[in-house]
Amino acid sequence: MKIEELLVNETNIELFLLGNEAIARGALEAGVMAATTYPGTPSSEVGDVLSGISRKAGMYFEFSTNEKVAFEVAYASAISGLRSFVFMKHVGLNVASDPFMSSAYTGIKAGLVVMTADDPSMFSSQNEQDNRHYGELAHVPVVEPSNPQEAKDFLIKAFEISELERIPVLFRTTTRVSHMREAVKLGPVKKELFASFFEPDSGRYMTLPSSAYGNKEKLIEKMKRLSPVSDKSDMNRIERYGTGEIGFITSGAAYNSLMDVINMRKLDATVLKLGFTYPFPENLVADFMKQHSKIIIVEELDPILEARTRMVAQIKKIDSEIYGKLDGYFSMSHEYSPDTVEKSLSEILGFNITQHYANVMIEEPAPRPPVLCPGCPHRATFYAVKRAVRMLNLKNVIYSSDIGCYSLGTYEPFNEGDLIISMGSSIGAASGFASATSQPIIAFIGDSTFFHAGIPALINAVHNGEKMLIVVMDNRTTAMTGRQPNPGMPVKASGELATEISIEKIARAIGVEHISNVDPYDLASTLQGITAGLKYHGVSIVIAKRECAILRDQKMRKEKKWITYNVDQEKCGKCMNCVENFSCPAISLQDGGIVINPNLCDGCGVCAQVYVCPFRAIEVANNAK
Ligand code: SF4
Ligand code: SF4
C-alpha cells in the first residue's frame with residue numbers, strides 16, 4: 001500500500017493496515033494539526049507515515065531531538081489551540097516524563113494525546129516496563145486498543161476525552177497491536193481548522209509552587225469526573241459466549257489471545273473487554289463481578305487491572321473468586337500467546353491441554369546471531385578501535401556503548417560493548433568509570449543519540465576534566481528505527497531543507513580540544529585518529545562519519561555505480577584475518593578457499609585495504625557493473 005492512500009477522504013472503504021498505519025490515519029480523522037516524535041520501535045511506523053503525508057494533510061510534523069522535546073513541542077501546540085499528538089516507545093516516556101507529569105497539572109486547551117508503544121517480550125527494547133502505571137502516576141486517563149481498527153477509532157475518542165476535561169490522555173499500544181495488520185474501516189477526515197493562539201490564562205501554565213498546590217486538587221477532581229465517563233464508555237464493552245458463566249476482564253493484546261482460547265475451547269464466558277482503563281470503570285466492574293462467581297483477569301505485564309478489581313471487590317464487599325497474576329496463575333513477564341493463556345486457564349478451570357496453538361502457527365525461522373550489515377561503516381570503526389587498542393597494548397579497556405545499530409559491536413569478533421543502560425548513557429557512564437577507575441575508557445555513541453541525550457553528558461565530562469575517548473558513529477541517519485533524519489542532516493522530516501547541526505562545532509563549543517574527523521572506509525586515517533585520541537589526556541573525540549550502508553546502496557544503485565569485490569586465490573595467504581577479525585558477512589571460507597558472495601558484497605572496499613588483507617588478495621571483481 002502507498003502511504004498516500006491514507007489521505008483518502010472516503011468513509012465506506014476498508015484498507016488493510018498495520019496498527020501504526022491505522023494510528024496515523026486516526027490522527028487525520030481526529031483532526032490532529034501537530035504531531036511530534038522521537039523514533040523508537042514499536043512506534044516508528046507512525047512517524048514514517050506522518051512524515052510522508054503530513055504536508056499534504058496540512059499537519060505540522062517533526063522528528064524531534066528527543067522524546068522530552070517532542071512532548072514539549074506538542075504540549076505548546078495543544079495549549080495554543082491545536083489538537084496535538086506525540087508518540088514514542090515506552091522507554092521514551094521516561095525521557096518525556098518530566099514535562100508529561102506537570103502537563104497534567106496545568107491541563108491543556110485543545111486535545112493532547114500521548115502514545116506510548118510498550119514492548120512486552122522486549123523484541124527491540126532494554127526492558128518491558130508497563131507504562132499504564134504512568135496513567136495513575138500522572139493522574140491522566142489511559143486508553144488501550146487491542147487491534148488496528150480500535151487503534152484508529154480509540155485515538156479519536158482519546159482526543160474527545162482529552163478535551164472533555166482539558167487533560168492529556170495516555171494512549172497505550174503494545175508491539176502486537178502496533179504491528180498487527182487487519183482491514184480497517186475508515187471514517188471521515190476531520191477538516192475543521194482549529195484557531196491557534198496562545199493566551200497566558202492568568203499564569204495557569206506556570207508550574208510554580210503557588211499554582212501547583214491548587215492544580216493538584218483540580219486534577220483529582222477532573223479524574224473523579226472522568227470515572228463515570230469510563231463506566232459508560234463504549235470502549236468498555238461486554239461480550240457473551242455460550243452460557244457466559246465465567247467472567248473474564250481483559251484489555252489490550254491479551255484480549256486477542258484470550259479470545260482464541262475461548263473460541264477454540266468453546267468456553268462459556270462473558271468478557272468485560274476494557275479499552276478505557278483509567279480512571280478504572282469501578283461501577284461497571286463491580287456490576288460485572290456481582291453477576292459472576294468466578295472472575296479471571298487476563299492482562300499482559302503488571303497486574304494493574306487485577307489490583308484495581310481486587311480493590312473494588314474489597315471496598316464494595318463482593319465475594320467473587322478472583323484469579324490472575326497476584327495468586328500466581330498468570331505470568332508477570334512477556335507477552336501472552338493463546339498457549340500461555342490456555343495453560344493458566346487449564347490450572348484455574350481444571351481442564352487438560354490436548355493441542356498447542358503453536359502447532360498450527362508458521363514455523364519460526366532458524367535463529368541467526370545479529371550482525372552488522374556488509375559494508376556497514378561501524379564494522380570498520382570497531383575493527384580500527386580493536387587494532388589501535390592492541391597496538392597501544394592497552395589493558396582492561398572499558399567499552400561504554402549506547403543504543404543504536406552500533407550496539408552490535410558488543411558481539412564477536414569485536415567484543416566492544418560492556419555497558420548499555422539508556423539513550424545517551426555511554427558518555428555519562430564513561431564519566432563515572434573515569435572518576436571511579438584508572439582504566440582506559442572508550443565510549444561509542446551514534447549521531448542521533450548524541451543529539452538525543454549525549455550533549456549534557458559531554459558537558460559533564462569536560463567540566464569535570466575526565467579522560468576518555470568518545471567515538472561518534474555518525475552514519476548520517478537514525479538507522480536502527482528506519483533511517484529517519486536527525487539534526488545532523490540538512491533535511492526535515494517533511495523532506496524540506498533544514499539547518500544541519502555540526503557535532504564538531506558543538507563539541508568545540510563545549511570545550512573539547514582534541515577532535516579528529518575520519519572516514520571509517522579509510523582505515524589508515526581512522527586508525528591514526530583513534531590512536532591519537534587514546535593517547536590524549538582529557539576528553540578526545542573521533543567523529544567517524546560515513547553514511548549507513550543501506551543509504552549508500554540506494555544511491556549507488558540509482559547511479560548504476562554498483563561494484564563488488566572478490567578474492568584472488570593465488571595471492572590469498574589463508575591468514576583468515578578477513579573472516580575471523582573483520583567478519584564481513586559477505587566473506588566466508590568455502591572448500592578451503594576464501595570467497596566473497598557477490599550478492600552480499602556491498603563494494604565498500606574496506607576488506608581490500610592492507611590493514612585487513614595483508615596479502616592484498618582482495619580486489620574489485622572483473623564482473624563489476
Ligand atoms: S567490499 Fe569487502 S568488506 Fe565491503 S562488503 Fe564487500 S566483502 Fe564486505
Ligand atoms: S585477509 Fe586476505 S590473505 Fe587473509 S584470508 Fe582473507 S583474503 Fe586471504
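**Figure 1. Ser431 and the residues it touches.** Setting aside neighbours within four places in sequence, Ser431 makes contact with Ala457, Asn460, Ala461, Asn464 and Glu466. Like every view here, this one comes from a predicted model. Ser431 itself sits in helix α14, which covers residues 425–436. Is Ser431 buried or exposed? Ser431 has 22 C-beta neighbours inside 10 Å, so Ser431 counts as buried. To get a feeling for distance, try finding Ala269 as well: 162 residues separate Ala269 from Ser431 in sequence, and their C-alpha atoms are 57 Å apart in space.

**Figure 2. The protein as a whole.** Before going further, let us step back for a moment. The protein has 19 helices and 23 strands. Its radius of gyration is 27 Å, close to the 25 Å that the globule rule gives for 625 residues, so the protein is as compact as a globular protein of that length. Along the principal axes, the C-alpha trace spans about 80 × 65 × 55 Å. Of the 625 residues, 49% count as buried. Take the contacts between residues at least 6 apart in sequence: 77% of these join residues at least 24 apart.

**Figure 3. Helix α9 meets helix α12.** Two packed helices are described by the angle between their axes and the distance between the axes. Here, α9 (residues 254–265) and α12 (residues 338–349) pack at an angle of about 65°, and their axes are 8 Å apart. The crossing of α9 past α12 is right-handed. Which residues make the contact? From α9 come Ser257, Leu258, Asp260 and Val261, while α12 supplies Pro338, Val341, Glu342 and Leu345. Sorted by character, the residues of this contact are five nonpolar, one polar and two charged.

**Figure 4. The surroundings of ligand 1.** Ligand 1 has 14 residues around it, and Pro374, Cys584, Cys601, Cys604 and Cys607 come nearest. The shell divides into 10 nonpolar, three polar and one charged.

**Figure 5. The surroundings of ligand 2.** How many residues surround ligand 2? There are 14, and the closest are Cys572, Cys575, Cys578, Cys613 and Phe615. In this shell, 11 residues are nonpolar, two are polar and one is charged.

**Figure 6. Two cis peptide bonds.** Most residues other than glycine have a negative phi, and most peptide bonds are trans. The peptide bond from Thr41 to Pro42 is cis, with omega near 15°. You will find Pro42 in the loop between β2 (34–37) and α2 (44–57). Another cis bond runs from Tyr278 to Pro279, with omega near 5°. Pro279 belongs to the loop between β12 (276–278) and α10 (282–290).

**Figure 7. Ser121 and Asp591, residues with a positive phi.** Ser121 is not a glycine, yet its phi is positive, near 80°. Its home is the loop between β5 (112–118) and α5 (133–138). Ser121 has 17 other C-beta atoms within 10 Å, so Ser121 is partly exposed. Asp591, also not a glycine, has a positive phi of about 50°. Look for Asp591 in the loop between β21 (587–590) and β22 (593–596). With 5 other C-beta atoms within 10 Å, Asp591 is exposed.

**Figure 8. Leu82, a buried loop residue.** Leu82 lies in the loop between α3 (67–79) and β4 (84–89). Why does Leu82 count as buried? Because 25 other C-beta atoms lie within 10 Å of Leu82. Asn147 is 65 residues from Leu82 along the chain, and 27 Å separates their C-alpha atoms.

How values were computed. Residues are numbered from 1 along each chain as its sequence is written. Chains are lettered from A and ligands numbered from 1 in the order in which they are written. This is a predicted model: local features need pLDDT of at least 70, side-chain atom pairs count only at pLDDT 80 or more; totals for chains, interfaces and linings use all residues. Axes are lines fitted to C-alpha atoms, for helices over the stretch in contact, and angles run from 0 to 180 degrees between N-to-C directions. Helices (H or I, at least four residues) and strands (E, at least two) are DSSP runs, numbered from the N terminus. A crossing is left-handed if the near helix is turned anticlockwise from the far one by less than a right angle, and right-handed if clockwise. Two residues are in contact if their C-beta atoms, placed from the backbone, lie within 7 Å. Ala, Val, Leu, Ile, Met, Phe, Trp, Tyr, Cys and Pro count as nonpolar, Asp, Glu, Lys and Arg as charged, and the others, Gly among them, as polar. A residue is near a molecule or strand if its C-beta atom, placed from the backbone, lies within 6 Å of it. The radius of gyration is taken over C-alpha atoms; the globule rule is 2.2 Å times the number of residues to the power 0.38. A residue is buried if 20 or more other C-beta atoms lie within 10 Å of its own, exposed if 12 or fewer, and partly exposed in between; C-beta atoms are placed from the backbone.
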